[in-house]
Amino acid sequence: MKRNLMIPLIVIAILAWTPAFIFGQTKQKKATTIVKKAVPKTVVTAAQIEEGKGLLAKSDCMACHKTDVKLIGPAYSDVAKKYPSNEANYNLLASKIIKGGSGVWGQIPMSPHAAINIADAKKIVKYILSLN
Ligand code: HEC
């Protein structure tokens, strides 16, 4: 008699705990995802890259640069290999495009582009660094 009562009680206990267990797992998974998202990550959208490509085509950049061959300036694919795509490098290279400069790839200087604003220059850089 006692044994017959114990079996359904154990079954009920298992059934009651299983969803709690699964739910607990799901909750844990969600928490991990949230933490991952909270880590600041560089976001580059396809639209920004496309816009950067258009801005670059409109400027004089292609007179000195090619995508995969060194011209007067380095190939953009080499620039993309040298600099990982992140916020610090967007700022660094955007300011280089605006101010010009030399000494990183050789002694030939890059002309300044004062007419390009920082936001547009960063989009151009995002496009260049996507060529890796
Ligand atoms: C007069 C030729 C010339 C023009 C025009 C030019 N560049 Fe350059 N660019 C260079 C040279 C030369 C270098 C290498 C400079 C160095 O060694 O520091 C360079 C370097 C760069 C780099 C790498 C910078 C670094 O510090 O590693 C980027 C990015 C770049 N150019 C983008 C552009 C963009 C975008 C444009 C158009 C808005 C442009 N360049 C127009 C000649 C030019």
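These are my notebook entries on a predicted model.

**Entry 1: overall layout**

I began with the secondary structure and found five helices and zero strands in the protein. Read from the N terminus, the elements run α-α-α-α-α. I then looked up burial: of the 132 residues, 23% count as buried. For contacts I took those between residues at least 6 apart in sequence; 52% of them join residues at least 24 apart.

**Entry 2: helix H2**

I turned to H2, which covers residues 46-58. The helix has 13 residues and spans 19 Å from first C-alpha to last, close to the 18 Å expected at 1.5 Å a residue. Which residues of H2 are buried? I noted Gly52, Leu55 and Leu56. They lie on the same side of H2, because the arc they cover around the axis is only 100°. On the other side of H2 I found Ala46, Ala47, Glu50, Ala57 and Lys58 exposed. I also checked what the buried residues of H2 pack against, and the partners are helix H3 (76-82) and helix H5 (118-129).

Lysine 53 also has its place in H2. I looked up its relative accessible area, which is 40%, so lysine 53 is partly exposed. Its C-alpha is 5.8 Å from that of tyrosine 127, although the two are 74 residues apart in sequence.

**Entry 3: helix H4**

I next took H4, residues 87-99. H4 has 13 residues, and its first and last C-alpha atoms are 18 Å apart, close to the expected 18 Å at 1.5 Å a residue. The buried residues I listed for H4 are Asn89, Tyr90, Leu93, Ala94, Ile97 and Ile98. Down the helix axis these fall within an arc of 160°, so they line one face of H4. On the other side of H4, Ala88 and Lys99 are exposed. What covers the buried residues of H4 includes H3 and H5. After H4 comes glycine 100, and I noted that its phi is positive, near 75°.

**Entry 4: asparagine 89**

I singled out asparagine 89, which is found in H4. Is asparagine 89 buried or exposed? Its relative accessible area is 12%, and the cut-off for buried is under 20%, so asparagine 89 counts as buried. Leaving out residues up to four places away in sequence, I found that asparagine 89 touches Tyr83, Pro84, Ala94, Val125 and Leu129. I also looked up its separation from lysine 126: 37 residues in sequence and 9.2 Å in space, C-alpha to C-alpha.

**Entry 5: the largest pocket**

Last, I went to the largest pocket, which holds about 590 Å³ of space. How many residues line the largest pocket? I recorded 31, of which His65, Gly73, Pro74, Lys96 and Met110 lie nearest its centre. The elements giving two or more residues to this lining are H3, H4 and H5. H4 supplies the largest share, four residues. Sorted by class, the lining has 19 nonpolar, nine polar and three charged residues.

**Entry 6: cross-check**

I went back over the helix partners. H3 and H5 pack against the buried residues of H2, and H3 and H5 are also among what covers the buried residues of H4. H3 and H5 appear again, with H4, in the lining of the largest pocket.

Methods: Residues are numbered from 1 along each chain as its sequence is written. This is a predicted model: local features need pLDDT of at least 70, side-chain atom pairs count only at pLDDT 80 or more; totals for chains, interfaces and linings use all residues. Side-chain values use heavy atoms; hydrogens and water are left out. The expected span of a helix is 1.5 Å times one less than its number of residues. Buried means under 20% relative accessible area, exposed over 50%, partly exposed in between (1.4 Å probe, protein chains only). The arc is that of the directions from the helix axis to the C-beta atoms. Contact means heavy atoms within 4.5 Å. On a 1 Å grid over the protein atoms alone, a cavity is a set of points where a 1.4 Å probe fits but cannot get out, and a pocket is an open set with protein on both sides within 12 Å along at least five of seven lines; lining residues have an atom within 4 Å of a point. Grid points are joined across faces, edges and corners, and a volume is the space filled by probe spheres set on the points. Ala, Val, Leu, Ile, Met, Phe, Trp, Tyr, Cys and Pro count as nonpolar, Asp, Glu, Lys and Arg as charged, and the others, Gly among them, as polar.
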